[in-house]
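Colleague: Please take a close look at a single part of this model, the ligand site, and then set that part in the context of the chains. I should like one connected account that a first-year student can follow.

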Amino acid sequence: MQKSMTYSTPAVPRPHRQRPALTAALPFLLPVAVVLLWQLGSSLGWLSSSVLPSPWAVVKDGVTLTLSGELPKNLSISLYRATVGLLIGGGLGLFLGFINGTSRICRLLLDSSIQMIRNIPHLALIPLIILWLGINESAKISLVAIGTMFPVYINTLNGIRSVDPDLLEMGRSYNLSRHDLFKKIIFPAALPQILVGIRYALGVMWTTLIVAETLSASSGIGYMATNAEDYVDMETVVLCIVIYAILGKVSDLVAKGFEALLLDWQTTKRSEAA
Amino acid sequence: MTQVPEITIHQVAKRYQTLTALTGVDLTIFPGEFVALVGMSGGGKSTLLRLIADLEQPTSGQILFDHQSREAAAPVIRVMFQEDRLLPWMTVLENLSFKSTDAKTKAAAVQLLALVELSDYADAYPGQLSGGQKQRVALARALMSHPQILLLDEPLGALDALTRRKMQDLILSICRQQQLTTILVTHDVTEAARMANRIVVMKDHTNLAEFPGPRNPHDARAVGTVAEDALQVILHETPTQTAQELSSVS
Ligand SMILES: Nc1ncnc2c1ncn2[C@@H]1O[C@H](COP(=O)(O)OP(=O)(O)OP(=O)(O)O)[C@@H](O)[C@H]1O
Ligand SMILES: [Mg+2]
């Protein structure tokens, strides 16, 4: 997980020739088939409900918990922790990446220390953080912040450090100010890599939060799952897992949306020229 | 626009560690002149251009503008690089104005795009353009702040013969019309002979020889003669050295 933090930047999609409706439906084929098979297996009694409850039972459980207000409450507290943690961690990662990417002094001063701390798995800090901060909100938010800071930091630094020096030379020889060099060349050049870091951080964000909520919380989706486990409430356990999958997918889609919006110049190709 | 300055290159040398890229370069370039630098690869042409552009500092010697230092004369110099060096995240028009919000800058950009016949592509991204179109954008960008001195480092190297010929004519007409001092680095002696008032042969890390351009640049035979002369100097002036190099290889 640590080693693959810097992905290559997203590739430009190739134009495909299939019919659009079919192409749009294709990614859904497998999940829908799995759910149908699962439901079939449960209905025919191949799958005992003590091993795996049927999808329909899980949906019913979800509706009940939504109507009782339990699910919305836990979901919103988890979303709150995730968002605040990501904003703090991502913000710090961006800031450190920017100053270390643009100033040699800062980089020499800070980078090796940050790299050292990065190598500690942040989940190993859970006992320490609980001892320091107890099991209140700040503990969970801090953990998410620590977890999300590093991928954003590393990709921001990497993005800034690998800006084409030829473009920088051009900017300087065309008399751009330091501020303009950053705003018009360095930042846009680093942006694809920064977004890769943020997308990676989103994954870390959910994992961290789930672990933290499972180990020490009195609310949140992770707590809901642990609590259900105590009562051998299979439906709710599976529901929580499904919710994680959906949350992960939604944050990925949001990140992709940002990429498409901010990197439109990457996807506009010659075929669309005026 | 202020008067275009005369460029005096005085005993300029440039060394990279132990490697000598240039030594004893003495050259005066007059206002409005179109000079071509030709020579073998590795001969120091780009280095000389980069020194004039202030992208690098000479190891010794000096470069003066109207007999003044660069700081005092503050010449407006623009480089058109071998690669287009356009910013892929900005549209063609933004590449000229650097996203300036100033109305005058924008108007100038629109005007220059028309000059290089790319008005239709103002809102396209560089990724949507052909190689020749990109070089035209780069040329327009170089002209944006009314340069007095235009430095061209093999800007046409990657273009096909036809596009190349058209670009040569475009550059020539613009440089004449705006009375810029232009220094063009090229491998192509015929290109040099067609375009330049003066052809300077760079060899053995210095400006070894020079030729006046043909009196009539439209006379293909005259162009050919000048090009052939330049080529002979580049190839044969020091045949013994080449022979030595060959024998030391075997
Ligand atoms: N930044 C640098 N560091 C070290 N050596 C360099 C550097 N720039 C140029 N040189 C060396 O200086 C010499 C002259 O290079 P230069 O680029 O000026 O040649 P050129 O005449 O432009 O060649 P070409 O026609 O291939 O572009 C070469 O031997 C090159 O290796
Ligand atoms: Mg060169």
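Modeller: The account below begins with the ligand and then moves outward to the chains.

This is a predicted model, in which local features need pLDDT of at least 70 and side-chain atom pairs count only at pLDDT 80 or more, while totals for chains, interfaces and linings use all residues. Residues are numbered from 1 along each chain as its sequence is written, chains are lettered from A and ligands numbered from 1 in the order in which they are written, and side-chain values use heavy atoms, with hydrogens and water left out.

Around ligand 1 there are 13 residues, of which B:Ser41, B:Gly42, B:Lys45, B:Ser46 and B:Thr47 come nearest. To be near, a residue must have a heavy atom within 4 Å of the molecule. By class, this shell holds 7 polar, 4 nonpolar and 2 charged residues. In this scheme Ala, Val, Leu, Ile, Met, Phe, Trp, Tyr, Cys and Pro are nonpolar, Asp, Glu, Lys and Arg are charged, and the others, Gly among them, are polar.

Two elements of chain B, β2 (19-29) and α1 (45-52), each supply at least two residues of the shell. The largest share, 3 residues, belongs to α1(B). Helices (H or I, at least four residues) and strands (E, at least two) are DSSP runs, numbered from the N terminus.

Three side chains can be followed to the oxygen atoms of the ligand. A polar side-chain atom of B:Ser41 is 2.5 Å from an oxygen atom of ligand 1. For B:Lys45, the distance from a polar side-chain atom to a ligand oxygen is 2.7 Å. An N or O atom in the side chain of B:His187 is found 2.9 Å from an oxygen atom of ligand 1. On its own, ligand 1 has 630 Å² of accessible area, and the protein covers 63% of it. Accessible areas come from the Shrake-Rupley method with a 1.4 Å probe, and for residues only the protein chains shown count as cover.

The loop between β2 and β3 (34-39) of chain B contains B:Glu33. B:Glu33 is buried, at a relative accessible area of 11%. The side chain of B:Glu33 makes a polar contact, at 2.6 Å, with the side chain of B:Arg198. Such a contact is a pair of N or O atoms within 3.5 Å; within protein, one must be able to donate a hydrogen and the other to accept it, and residues adjacent in sequence count only if both atoms are side-chain atoms.

Two further residues of chain B differ in exposure. B:Ile174, in helix α6 (residues 161-178), is buried, with a relative accessible area of 1%. B:His67, in the loop between β4 (60-65) and α2 (70-73), counts as exposed at 59% relative accessibility. Buried means under 20% relative accessible area, exposed over 50%, and partly exposed in between (1.4 Å probe, protein chains only). B:Ile174 and B:Leu115 are 59 residues apart in sequence, with their C-alpha atoms 8.7 Å apart in space.

Chain B as a whole contains 9 helices and 9 strands. The radius of gyration of chain B is 19 Å, close to the 18 Å that the globule rule gives for 250 residues, so chain B is as compact as a globular protein of that length. This radius is taken over C-alpha atoms, and the rule is 2.2 Å times the number of residues to the power 0.38. Of the 250 residues in chain B, 50% are buried. An unreviewed UniProt entry gives "domain: ABC transporter" for residues 7-229 of chain B. That stretch, residues 7-229, is 35% helix and 27% strand. UniProt positions are given in the numbering used here, feature names are shortened, and annotations may be inferred rather than shown by experiment.

Chain A has 11 helices and 0 strands, and 40% of its 274 residues are buried. For residues 71-255 of chain A, UniProt lists "domain: ABC transmembrane type-1" in an unreviewed entry; over these residues the chain is 86% helix and 0% strand. The record also lists "transmembrane region" stretches in chain A, including residues 79-99 and 119-135. Residues 79-99 of chain A are 100% helix, with end C-alpha atoms 30 Å apart, whereas residues 119-135 are 47% helix, with end C-alpha atoms 25 Å apart.
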